[in-house]
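Student: I would like a close look at one part of this model, the largest pocket. Please also set it beside the second largest pocket and the chain as a whole.

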Amino acid sequence: MDLIIDGWFHERGELWPGQAMSLQVKKVLYHGRSKFQDVLVFESTNHGNVLVLDGVIQVTERDEFAYQEMMAHIPLFAHPNPEKVLVIGGGDGGILREIAKRPGVKEIYICEIDGDVIEYSKKYLPSLAVGYDDPRVTVKVMDGAIFMDENQDNFDVIITDSSDPIGPASVLFETPFYNAMHKSLRDGGIVCTQGENVWLHLDIIKPLMDSIKQTYTDVEYAYTTIPTYPSGQIGFIIAGKNSGSSKAPRREPTKEQVDSLKYYSSEIHEAAFVLPAFAKKGIFGA
Ligand code: SPM
């Protein structure tokens, strides 16, 4: 299928039938096939540079902060003292950039399976890939499940910033992967994962959350708004290993952090867990 027709990129996906997000293309910066997926980067007319994997928008420079800030800072502000953090996926570097705003974090590991995503993000998405410049970051280009198996009982926070459950990321939405994260967490640790969308994917979200309740304590769901993801929002599954609830931040951001944040605040941290009635019922029952 042609991704760009008459100067417009159209995001059509199996997971959002009958709807499409279109962005006007100024210039294709890179298009090729990695070992795992189709990789496209283009300059858009109104949304900055855009990274697309297997035809699905991963980030636009215009609105990416709404996703990266919430995905990183909800678990980091919910944890009492996160020192060692692991990112699975997230090859564009945006989540690293957010974690790097936390001086208390001592070590940051990232496991991205697709080295091409790292390479082309460094080239064309420098405002995200700046996350790689932090000296606390160690990069592993490998399967996150294997890395976690080698690093059990090790991390305070694990963030899985994945693409959707079709293609290389599908295993990241399955119970064995959540079990692997659980083993790799320290006691008191928190995981935060890409949790799809309540308008479109309750059929994915509910069974997955029900299943991980066997292993995790405090299985919760939050969301952010983001114009260029299907239906304008995306959620996060947040779960703990005896962590206590993540719904309220345990501390306020410092003045310096507030100045660096465009979406996250203590107020929106708490608000993000308040779901519309249909979604609350769909995920948690009554
Ligand atoms: N660091 C940003 C990487 C983006 N990871 C999530 C991409 C999700 C794209 N599809 C959204 C579909 C939501 N239903």
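Tutor: Let's start with the words for elements: helices (H or I, at least four residues) and strands (E, at least two) are DSSP runs, numbered from the N terminus. What you see is a predicted model, where local features need pLDDT of at least 70, side-chain atom pairs count only at pLDDT 80 or more, and totals for chains, interfaces and linings use all residues. Residues are numbered from 1 along each chain as its sequence is written, and side-chain values use heavy atoms, with hydrogens and water left out.

Now to your pocket. Its volume is about 510 Å³ (on a 1 Å grid over the protein atoms alone, a pocket is an open set of points where a 1.4 Å probe fits, with protein on both sides within 12 Å along at least five of seven lines; lining residues have an atom within 4 Å of a point). The lining of this largest pocket counts 39 residues, and those closest to the centre are Gln58, Asp161, Ser162, Ser163 and Ala169. Find those five in the structure and you will have the middle of the pocket in view.

Next, look at the strands around the largest pocket. Strand E5 (49-53), strand E6 (56-60), E7 and E13 each bring at least two residues to its lining. The top contributor is E6, which gives 4 residues. By residue type, this lining splits into 20 nonpolar, 12 polar and 7 charged (Ala, Val, Leu, Ile, Met, Phe, Trp, Tyr, Cys and Pro are nonpolar, Asp, Glu, Lys and Arg charged, the others, Gly among them, polar).

E6 turns up again at the second largest pocket. That pocket has a volume of about 370 Å³. It is lined by 19 residues, with Arg12, Asp54, Gly55, Val56 and Ile166 closest to its centre. Strand E2 (8-12) and E6 are the elements that give two or more residues to this second lining. Here the residues divide into 7 nonpolar, 7 polar and 5 charged.

Finally, step back to the whole chain. Its secondary structure comes to 10 helices and 13 strands. With a radius of gyration of 18 Å, close to the 19 Å that the globule rule gives for 286 residues, the chain is as compact as a globular protein of that length (the radius is taken over C-alpha atoms, and the rule is 2.2 Å times the number of residues to the power 0.38). Along the principal axes, the C-alpha atoms fill a box of roughly 50 × 45 × 40 Å.

How values were computed. Points joined across faces, edges and corners; volume = space filled by probe spheres on them.
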